[in-house]
Amino acid sequence: MSEKPFYRTAAELAEQGTANLPEEFRTDAHLIWNSPAALDFNSPGAQGFGVKRAGLSIPGSIMLLISPGCCGRNTAALRGSGHYGERFAFYELDDNDIVTGRHLKRIPEAVQAFVASREKRPSVVMLCLTCVDALLGTDMDRICERAENACGIPVRPCYMYALTRDGSHPPMVAVRETIYSLLEPAKKHPDACNILGYFTPLAASCELMRILNGFGMKAIRQLPSCRTYEEYQRMAEANFNLVLDPEARAAAADMEKRLHIPYIELHRTYQFDKVANQYRALARTLGANLSGRTSYEWTTLQQIEMFCRYHKDIHFAIGSRLNGNSFDLALAFVRCGLTVEEIFANPRAGDAYYLRELGRLSPDTRIYTNLSPSMVNYRPEESGVTFAIGEDAIWYHPGIRGIAWNEEIQPFGFAAIHNLFGAMAAALQPGHIPMRRPSGKTAKEASC
């Protein structure tokens, strides 16, 4: 293992391209060091909205987790999280189940018993599967059909397959498809649309809702805002879907095919001009008018200019555990004249544009991977960083100013930029306590 932490500069990665990334940035090419800065990598459901919480986003749903004890143990943490605890049940697999597959015959019976135990009849039962059934090649569609016949309500699979995380159809893409597959055809309303992508609602300060209202949209539905199964089913009335997260693209394509609801895709970006251009393109698509700069643009631009005027000497470290694309955020800062020293993130194919621009505008920016064993040798005092954004960047830089920027309520549009720069300015005020490393995340735990 290298005595120094592995990194490549933005200029080096821009020259190599995302198709020729060094093996250190590939999770399938080397031993993975589970950095304490990124312990949520251990499981798609370990933090935030993983497969398990996502599968329960349908109102009235319950979930049967079918797994060995070692795979299901972190689900116990959700028992104390809001209303999720009582909506879980466990089917624990033993060695005989795994060797013989005998559990497959018992799942319908377990589902029937789980449904019967509920005081209120559930809307749907989600069967959450782990890598065990992926390796066994279980035909879960057939199992779900048998379970549905047994209990009389819809039963759907959701796959917590960490093995497919870096594939073409990762768990969080698949679970979104499953969630929206329950929608049934309905008459379309021209003033109705859906927002797809996140499992928590957009921040109240986000201007997107008001812009859509200005385009004549009266019913704007988001899955996390649906309180009943009937309200959830009304999402099928939408005239179009607005996709804000690429992981919802496959679900939107399926809804277009099954329910004849076309979709428009917007990206979360922290580049001011890109947000403005997206909204104007959306207006043209919908046959609406959005000429001149809006009040949202002016107030955001003022916030950016004020921050850069007083804090242009800051040197940033940007992590990957935050609400946004790390490379997009880095490019936004660099284009504002700010200095980005480090990025802790693994580049993907879709990041090629950001790497090219960073290589041109900030060639010396260092790009690290949280999963390289060499990161055990990282020394923050050698970095020159004075401000950290993202939980992982904060972990690498204890004691300096920073913000986590990873709340579950999702930022988007001009409001995301405005609030981010406002949060950074607040963290730089005299007397503000520097961020600390998240408690309980130690190197010893990371090696377990």
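**Exercise 1. Decide whether Glu237 is buried or exposed in this predicted model, and find what surrounds this residue.**

Solution. Begin with the relative accessible area of Glu237, which is 13%. Because a residue counts as buried under 20%, Glu237 is buried. Next, locate the residue along the chain: Glu237 sits in the loop that connects helix H10 (229-233) with S8. Finally, list its contacts, leaving out residues up to four places away in sequence: Glu237 touches Ala186, Lys187, Lys188, His189, Ala192 and Arg221.

**Exercise 2. Work out how strand S6 (residues 192-196) is enclosed, and which residues lie on each of its faces.**

Solution. First consider burial: five of the five residues of S6 are buried, and therefore the strand is largely enclosed by the rest of the structure. Then separate the two faces, with Ala192, Asn194 and Leu196 on one side, and Cys193 and Ile195 on the other. Both faces are covered, since the residues on either side are all buried.

**Exercise 3. Find the strands that pair with S6, and then place S6 in its sheet.**

Solution. As a starting point, strands of a sheet pair through backbone hydrogen bonds, either parallel or antiparallel. Strand S7 (residues 219-222) runs parallel to S6 and is joined to it by four bridges, and within this pairing Ala192 has Ala219 as its bridge partner. Strand S8 (residues 240-243) also pairs with S6 in the parallel sense, over four bridges, and here Leu196 stands opposite Val243. The whole sheet can now be laid out: it is open, has four strands in the order S7-S6-S8-S9, and its pairing is parallel. The edge strands are S7 and strand S9 (263-265), each of which pairs on one side only. From one strand to the next, the twist averages 25 degrees.

**Exercise 4. Identify the helix that completes a β-α-β unit with S6 and S7, and the helix that lies across S6, S8 and S9.**

Solution. For the first part, helix H9 (residues 208-214) forms a right-handed β-α-β unit together with S6 and S7. For the second part, helix H11 (residues 249-259) lies across S6, S8 and S9, and runs at about 160 degrees to S9.

**Exercise 5. Describe the largest nonpolar core and the surroundings of Met424.**

Solution. The largest nonpolar core has 65 residues, and those touching the most other members are Leu208, Leu212, Phe316, Phe333, Ile389 and Met424. Its largest share, eight residues, is supplied by helix H17 (residues 413-427). Turning to Met424, and setting aside neighbours within four places in sequence, its contacts are Phe307, Phe316, Phe333, Phe387, Ile389 and Ile403. Apart from the largest core lies another, of 34 residues, including Met126, Tyr232, Ala251 and Leu259.

**Exercise 6. Determine how many disulfides the structure contains, and examine Cys128 and Cys151.**

Solution. A search of the whole structure finds zero disulfides. For Cys128, the nearest cysteine sulfur, that of Cys158, is 4.2 Å away; because a disulfide needs two sulfur atoms within 2.5 Å, Cys128 is in no disulfide. Cys128 also counts as buried, at 0% relative accessibility. For Cys151, the closest cysteine sulfur belongs to Cys144 and is 9.8 Å away, so it is too far for a bond. Cys151 is buried as well, with a relative accessible area of 8%.

How values were computed:
Residues are numbered from 1 along each chain as its sequence is written. This is a predicted model: local features need pLDDT of at least 70, side-chain atom pairs count only at pLDDT 80 or more; totals for chains, interfaces and linings use all residues. Side-chain values use heavy atoms; hydrogens and water are left out. Buried means under 20% relative accessible area, exposed over 50%, partly exposed in between (1.4 Å probe, protein chains only). Two strands pair if DSSP finds at least two bridges between them. A crossover is right-handed if, with the strands pointing away from the viewer, the path from the first strand over the helix to the second runs clockwise. A nonpolar core is a set of buried Ala, Val, Leu, Ile, Met, Phe, Trp, Tyr and Cys residues joined through side-chain atoms within 4.5 Å. Contact means heavy atoms within 4.5 Å. Axes are lines fitted to C-alpha atoms, for helices over the stretch in contact, and angles run from 0 to 180 degrees between N-to-C directions.
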